Structure formats: structure tokens, C-alpha cells
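Biologist: Please take me through the surroundings of the ligand in detail. After that, add whatever else can be said about the rest of the chain.

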Amino acid sequence: MSLRLGDTAPDFTADTTEGRIRFHDWIGDGWAVLFSHPADFTPVCTTELGETAKLQQEFAKRDCKVIAVSVDSVEDHKAWIGDIDETQGCAVNFPIIGDTDHKVSELYDMLHPGEGDASTVRSVFLIDPNKKVRMTLTYPKSAGRNFDEILRVIDSIQLTDGYKVATPVNWRDGDDVIILPSLSDEEAKQHFPEGWKTLKPYLRVTKQPNR
Ligand code: BEZ
């Protein structure tokens, strides 16, 4: 059964390039991104892990840790990190889980037999401080992910957790947002004293409230 939004992210213990972890303890009180890649020493994965390393400060700004997983061993991960650092101009600065027994991959339904061999597809799970799954993404092995999109959705979820708004198509931090349709105009006046623009009764646009 695949994980759904709002489910508790399964806990596990695993060996990583930074030692053995218990997942929920490792997450601590912040946010986490768990993402799988098909295999070590493969080109698209090399670019993805390099980009993730370069974006570490952006994840940290959002109080979000990042951890990668594949069915390769920790020893392989450690050898591959040298290639990532060399070719992508970065220092891999987050743990990679060695999931040789497929424990994590099966818990998170990252193995898709229709996608070829018994390696993980490109899954992403965003997990909040309550250990709830807040976003999932699944890409085929052939398509490298857009990690800016992962940061964008963290911004959206962290914003909309605190305010009665939703974020429109292609929204980026700082852009205008949409007042939740469940809020009456009377209620909206309390939450958005600076006002809003009504395009339709259900489409009310206002400034991002935490700016
Ligand atoms: C890659 O990371 O380049 C890759 C891995 C598995 C299948 C296709 C591409």
C-alpha cells in the first residue's frame, strides 16, 4: 500500500554514509526530504545528488534535512561521492542510506517492477516535524528531478500551514497568494486587513502575508 499525504512516515533504522540512524530521531524537530535514486555511478543520479549538495543552505533555511537512498551499499555510496564532488563541483554534505536489503525502499514503495530492474525509482517524500508525509513525487528513472520545485513546495506548505491561503500556479516565495475559498469575506477581513483583489468570489488574491 503506498503512502498517502497525511500518513505517518514509516520509521526505520539504516546504515548511511554518516553512520547508523533511526529515521525519526534523525529528523528531530524539523522537516525532512527522503529521496531515492536508481543506482550509484549513473549519470543522471550523479547530477541530482550534486545539485542537492549545492542546495544544502536552501534546505537548511527551511529547517529541512535531506537524505538519499538507493539499494547500493554504503561502501559504494562512499566511493561514488568522490565522483559526484569531482564532476559536479560540490561536497556531498548529507547522508545516503545503503538499502541493500530493500527495507526502506519497500516501506516507502520505491521499487516499481514496471520500471525495469529491482532498483528504486526517483521518489521524493517531504516529511514535517510531526513525521507526517506532506508531499510525494515519483519520477521515472530516465527523468532527473527539479530540486528547485522541491524547495518551492516546501515554501508553499510552510506558508499555508500558518495562514489561511493557498498558492497559485507557478507561485514562488514572495508572489501574491490566494485566500482560502472556505473563508467568508467577513472572516477574510480579520485575516487580511490590507485587503485583496476579487477576480471571482472564489478567487481572491492578496499579498503574501508573512512578507
Ligand atoms: C541515471 O541516473 O543516469 C540513470 C539510472 C537508471 C536508469 C537510467 C538513468
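Modeller: The ligand site comes before a loop residue and a sheet.

This is a predicted model, in which local features need pLDDT of at least 70, side-chain atom pairs count only at pLDDT 80 or more, and totals for chains, interfaces and linings use all residues. Residues are numbered from 1 along each chain as its sequence is written, and side-chain values use heavy atoms, with hydrogens and water left out.

Around the ligand are P38, T42, P43, V44, C45, R122 and K141; a residue is placed there if one of its heavy atoms lies within 4 Å of the ligand. By class, this shell holds 4 nonpolar, 1 polar and 2 charged residues. Here Ala, Val, Leu, Ile, Met, Phe, Trp, Tyr, Cys and Pro count as nonpolar, Asp, Glu, Lys and Arg as charged, and the others, Gly among them, as polar. Helix α2 (residues 43–54) gives the most to the shell, with 3 residues. Helices (H or I, at least four residues) and strands (E, at least two) are DSSP runs, numbered from the N terminus.

Oxygen atoms of the ligand take part in several polar contacts, meaning pairs of N or O atoms within 3.5 Å; within protein, one must be able to donate a hydrogen and the other to accept it, and residues adjacent in sequence count only if both atoms are side-chain atoms. A backbone N or O atom of V44 lies 2.7 Å from a ligand oxygen, and a polar backbone atom of C45 is 2.9 Å from a ligand oxygen. From R122, a polar side-chain atom lies 3.1 Å from an oxygen atom of the ligand. The protein covers 73% of the 260 Å² of accessible area that the ligand has on its own, by the Shrake-Rupley method with a 1.4 Å probe; for residues, only the protein chains shown count as cover.

T17 sits in the loop between β1 (13–16) and β2 (19–22). T17 counts as buried because its relative accessibility is 14%, buried being under 20% relative accessible area, exposed over 50% and partly exposed in between (1.4 Å probe, protein chains only). The T17 side chain reaches the backbone nitrogen of I96 at 2.9 Å. T17 and I81 are 64 residues apart in sequence and 9.5 Å apart in space, C-alpha to C-alpha.

Finally, an open sheet of 4 strands has the order β8-β9-β11-β10, with antiparallel pairing; strands pair if DSSP finds at least two bridges between them. Its edge strands are β8 (165–166) and β10 (197–200), each pairing on one side only.
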